[in-house]
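User: Please take a close look at a single chain of this model, covering how its parts touch and how far the prediction can be trusted.

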Amino acid sequence: MIELRAVSKAYNGRNVIDSLSLNVEAGERVALFGPSGCGKSTVLNLIAGLLAPDSGEIVIDAELVATAHTILREPAQRGIGMVFQDLALWPHMTVAENIEFGLAAKRMPAEQRRQRVTEMIELVQLGAYRNARPGELSGGEQQRVALARALALSPRIVLMDEPLSALDDELNLQLRQEILTLHSRFAFTLVYVTHSRDEASALATRIIHLRHGRIA
Amino acid sequence: MQRRLTLFAAAALLGVIGLAPVLGMVARSFLFEGAFSLRAYQALLSSGAQPLRWMGQSLLLSSYVTILATTAGVALGILLGKTDVPWRGALITAFSAPLLIPPYVLAVAWSAVVGPTGWITHAIGADAARLLTSWLFGLYGCAGVLFTAFMPVVMLLTIVYVGAVNPRLEDAGRLVSRWPGVLRRVTLPLIAPAIVLGAVVVFLLTLGEVGAPTYLRYHVYPVEIMTQFAAFYDFGAATAAAMPLLMITLAIVAVEYGLLERRVSELRTLAFGTQSRSRIRLGRWRRPLFVLAFAWMLVTVALPIANLLAQSASLAAYAEAFARTGGSILRSLGYALVGASLLTPIGFACGYFIQRRTLPLWRGMDALALLLFTLPGSVIGIGLISLWNTPATEVVYRTSAIVILGYLAQYIVLPTRMTAAMVERIPPSLEHAAQLCGASWFTIVVRIVAPLAARGLIAAWAVSYVFCMRDLGVSIVVYPPGSDTLPVRIMTLMANGAPDLVAALCIILIAVTLLPLGAVALWLGRVERRSRA
């Protein structure tokens, strides 16, 4: 479960998140919906531990992970997978290496690692692109690599920051379906950021509408 | 049309300033009394094993300096560019200070510490002192001095490029690994092209260095060229001797350019200007690492310069320095001011041309500018003489114009690359909008591009000024009789001048380099305060 307790965050003196409190239950699919600049991505970065709040507390699975200006649990210790808006695939690594990176960091034995990478690559149907670099893939294929990388460590929580915003309608619909399939298979908690009402209703069981850093 | 013509003129100018002397030198090396001849090369090959040994020593020195500078420069670059170590800005400035100073001044400074008359030498007893002095005057001392001089190149490149890495790529790594793993697997591989570029520049700058090795009595190959030219005045032998250095530089630059340029450009496009970089919080290591970096800075930068100051602390030394070199000081100042003021607009045109890919020649121009920077100054100097030493062009050869041309050729890459980086940040849509309003290209440059790039243009001028001011390699070969520069005069006096006089001259050189930069900084500060008010 994710819990934000009166969390605030400001950039250059401007409050992006303003005393925000919210709960996300385990296994739930929540969409953070709102216009650009309303603080959606900041909420994800706070949950992931990439930012520390200016005030308030963040609790994940009943453990306090961040308080004002302090990160108590580093991002790698929170059991979170994330798909970034620009996907953030490492351009110098192959598809397999992008997925394997986290497994190696967790010191998974080499044989198990290879198996897991293969499993994830097959899951997202990219078997033919195992040794391709991100620059050689289409937009949809890159999305799948990002998904596979986020899921490789079997995270309890997956955060998605407008991952489908740059895709055409057809691909967008197809990938929405794939995300739902993956969710029903792995039962992770999904927090999905979008500014598209359509996407929010298709993917989430609950929609949280943000405006000026608060729940509208 | 206006735009294409202007940029074509800039390309042609770069060709005349930089390419023609090099090609002219290559052609002249195959001529004897107006006919094709291999005489110069035969003479070079029959001169025994000495040139080969000196080339070996040059390559060994360059390798040592490159390994040291790359290792230390990357470590410092990560520490100062990526972590929350305190006083980052001050440390970066202090570590970069040696870039403002010609390497042989650092050699003089170090000899004031551990040389025969240095204070450490006096303090540690005769045997240890002899050992220390033998280290300084030889390969190790030379490598140490040039390491201090050129390490900032790698450090600054590392700082710039770790700042350019898209923080999302590191954040994605941080979700599964701690910072050391992210640095090793994500950040460093991403900035590897920039690190290799830094290593290549350090290698080539060391390979072409004459001043510090001469002072520290370590024989290197560029001295062979100087000897053939200045001592024997055998121009054919000097051009032939310059060819191996030209070939090595050309080969290394071609490899760097072919393999890495595209990847460096790709890295630039990864950067998301509006995203703040993620900093490594050092926690309990913050203070110890600061103390370590500060101590390193004190020993390698502050100590030698402070000693130089102490050694020169006599009014008589400064009075003598001004009396003997007043003309050289003024000439250096004048040459550097003119050189920087010409380099800035030409570099701006070349940088714009390269960044906006206006003519298909842009890649060749970029490579030529980089090649000219990494060529030893003596090679460029000899090329200039071979091109301009004709009855029809005596007005260039016999006047200060040839020194200025040398500066333009050797340092054009600096304002060019700086301008290209600035232009990259100006969205083309801003120019397109002005174009749609009917503005001419000149108007667009003057009203849109130049104001947006103003700070960068001033920085390009300042960097050009520093490099012109500290130049020794080109000036020592091409200066017209009676018109030497301060670095050349110091180099001449180093052999037989009193140590306090040489130290005073080095301090004067540092001051003359820094004073105009200080004036520009003050002026900028005032302009900014006024615009805020």
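Analyst: What follows describes chain B, from its confidence to its domains, one helix pair and its partner chain.

This is a predicted model, in which local features need pLDDT of at least 70 and side-chain atom pairs count only at pLDDT 80 or more, whereas totals for chains, interfaces and linings use all residues. Residues are numbered from 1 along each chain as its sequence is written, while chains are lettered from A and ligands numbered from 1 in the order in which they are written.

The mean pLDDT (the predictor's confidence in each residue, from 0 to 100) of chain B is 84, with 94% of its residues at 70 or more. Residues 268-275 of chain B fall below 50, and this stretch has ten contacts in the model beyond near neighbours in sequence; two residues are in contact if their C-beta atoms, placed from the backbone, lie within 7 Å. Where pLDDT is low, the predicted coordinates should not be read in detail. For the complex, the predictor gives an ipTM of 0.70 and a pTM of 0.78.

Chain B is divided into domain 1 (1-30 + 314-533) and domain 2 (49-313), with bounds that come from an automatic or database domain assignment. Their centres, taken over C-alpha atoms, are 22 Å apart, and the contact takes 37 residues from domain 1 of chain B and 39 residues from domain 2 of chain B. On the domain 1 side, α1 (2-29), α16 (362-374), α17 (377-388), α23 (454-470), α25 (486-496) and α26 (499-532) of chain B each supply at least two residues, helices here being DSSP runs of H or I with at least four residues, numbered from the N terminus. The most comes from α26(B), with eleven residues.

Within chain B, helix α4 (residues 88-96) and helix α8 (residues 139-164) pack at an angle of about 145°, their axes 9 Å apart; axes are lines fitted to C-alpha atoms over the stretch in contact, and angles run from 0 to 180 degrees between N-to-C directions. In this contact, B:I92, B:F95 and B:S96 of α4(B) meet B:P152, B:M155, B:L156 and B:I159 of α8(B).

Towards chain A, the contact takes 18 residues from chain B and 19 residues from chain A. On the side of chain B, α9 (167-174), α10 (179-208) and α13 (235-270) each supply at least two residues, and the largest share, six residues, comes from α9(B).
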